[in-house]
Amino acid sequence: MSDAMLHATSQNPDDFAVQIADSIESFIVATTEVAKGDEPDSAVPFLLLELSQLLLTGGRLGAHEDIVPDDRYEPDAGPDVDVDDLRERFAVLLEPVDVFSEVFDPYEPRRAPVACRVSDNLADIVTDLRHGLAHYRAGRTTEALWWWQFSYFSNWGPTASATLRALQSLVAHVRLDQPLQELDGLDTDEDLAEEALAEEAGKVMVEEIAGPLGLRTATRGA
């Protein structure tokens, strides 16, 4: 049965909830381990894989019919877990490639790219996912699914997609042996047009980041 038909009466909703929750918890555990920096050489490839798997889970939530919560108002899930340490660890681990440019809405005409940080995005994604996980662990399964679906459309889905695109681009630059542009002086507080982004760009050879981030260039026939 396709994911688009998960709302059919023959499908056990508990099975779907368990699969979604397991995938989300796996992502949180995996990214938290990466942030420890014990294996920096595999950080970028591992994050690329984890984000890809998470977005598959998001796609399943997006293909599902609208999930309606049991209560009119969201029950208190308790305070969100502080992710500042996670954010800071990723900022250090990914320092050479943390900042990237992104267009938030590809369907909005003439939208200028803005600067983002991979570290900020990962921390924001984990915050959203943990919030739903708190509901799930408290036995509020429908509330958890509603939150994950809603925040997939409104926040963590677009954020994960943008981050995946940035990391995929990084891996492609390295594997194809293409020089990478560094946005010297670019800050996430700035709102720069495409021309300004180009002016800020400085040359950084791929070799300077390939080794430390566990990447290698592609060779023909490999």
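A salt bridge here is a side-chain nitrogen of Lys or Arg within 4 Å of a carboxyl oxygen of Asp or Glu. With that cut-off in hand, Arg87 and Asp84 make a good starting point: their closest N and O atoms are 3.9 Å apart, so the two form a salt bridge. The model is a predicted one, and the passage below begins with its overall makeup before coming back to this pair.

The protein chain has 222 residues, and 38% of them count as buried. Its secondary structure comes to 7 helices and 4 strands. Read from the N terminus, these elements follow the order α-α-α-β-β-α-α-β-α-β-α. As for contacts in the chain with a separation of 6 or more, 74% of them are between residues 24 or more positions apart.

How confident is the predictor? The average pLDDT of the protein chain is 79, and 73% of the residues score at least 70. Two stretches come out with low scores. Over residues 192-208 the pLDDT is below 50, and the model gives this stretch 35 contacts beyond near neighbours in sequence. Residues 1-11 also stay under 50 in pLDDT. For residues 1-11 the model has 12 contacts beyond four places in sequence.

Back, then, to the charged pairs. The count of salt bridges comes to 7. Arg87 and Asp84 both belong to helix H3 (residues 84-93), and because they are 3 residues apart there, about one helical turn separates them. An α-helix has 3.6 residues a turn, so residues three or four places apart point the same way. Both partners are partly exposed: Arg87 has a relative accessibility of 21%, and Asp84 has one of 38%.

Arg87 has another partner as well, Asp124, and in that salt bridge the closest N and O atoms are 3.7 Å apart. This pair links distant parts of the chain, since Arg87 is in helix H3 while Asp124 is in helix H4 (residues 118-137), 37 residues away. Asp124 is partly exposed too, at 33% relative accessibility.

A further bridge joins Arg117 to Asp98, again with 3.7 Å between the closest N and O atoms. It also ties together distant parts of the chain: Arg117 is in strand S2 (residues 114-117), Asp98 is in the loop between H3 and strand S1 (99-102), and 19 residues separate the two. Is each partner buried or partly exposed? Arg117 is partly exposed, with a relative accessible area of 24%, whereas Asp98 is buried at 3%. Salt bridges with shared partners also bring Asp84, Arg87, Asp120 and Asp124 into one network.

Side chains of opposite charge can pair when their charged atoms come close. Which side chain of opposite charge is nearest to Glu50? The answer is Arg130, but Arg130 is 13 Å away, and Glu50 has no salt bridge even though Glu50 is buried. The reason is simply distance: a salt bridge calls for atoms within 4 Å, so a nearest opposite charge at 13 Å cannot qualify.

Glu50 sits in helix H2 (residues 43-63). The 21 residues of H2 should span 30 Å at 1.5 Å a residue, and the end C-alpha atoms are indeed 30 Å apart, in agreement. Glu50 has plenty of company among the buried residues of H2, including Val44, Leu47, Leu51, Leu54, Leu55 and Leu61. Arg60 is on that buried list too, as are Thr57 and Gly58.

Leaving aside residues up to four places away in sequence, Glu50 touches Ser26, Phe27 and Ala30. Ser26 is part of helix H1 (residues 13-35) and is partly exposed, at 39% relative accessibility. Ser26 and Glu50 are 24 residues apart along the chain, and 8.8 Å lies between their C-alpha atoms.

Finally, the aromatic rings. The structure holds 6 aromatic pairs. One of them is Trp146 with Phe150, a stacked pair with 5.3 Å from centre to centre and 5° between the planes. Both residues are in helix H5 (residues 141-175), and being 4 residues apart they are separated by about one helical turn. Trp146 is partly exposed at 23% relative accessibility, and Phe150 is partly exposed with a relative accessible area of 41%. Ring pairs also bring in Trp147, making a cluster of Trp146, Trp147 and Phe150.

Notes: Residues are numbered from 1 along each chain as its sequence is written. This is a predicted model: local features need pLDDT of at least 70, side-chain atom pairs count only at pLDDT 80 or more; totals for chains, interfaces and linings use all residues. Side-chain values use heavy atoms; hydrogens and water are left out. Rings of Phe, Tyr and Trp (its six-membered ring) pair if their centres lie within 6.5 Å; planes under 30 degrees apart count as stacked, over 60 as edge-to-face and the rest as tilted. Buried means under 20% relative accessible area, exposed over 50%, partly exposed in between (1.4 Å probe, protein chains only). pLDDT is the predictor's confidence in each residue, from 0 to 100. Contact means heavy atoms within 4.5 Å. Lys and Arg count as positive and Asp and Glu as negative; His and the chain ends are not counted. The expected span of a helix is 1.5 Å times one less than its number of residues.
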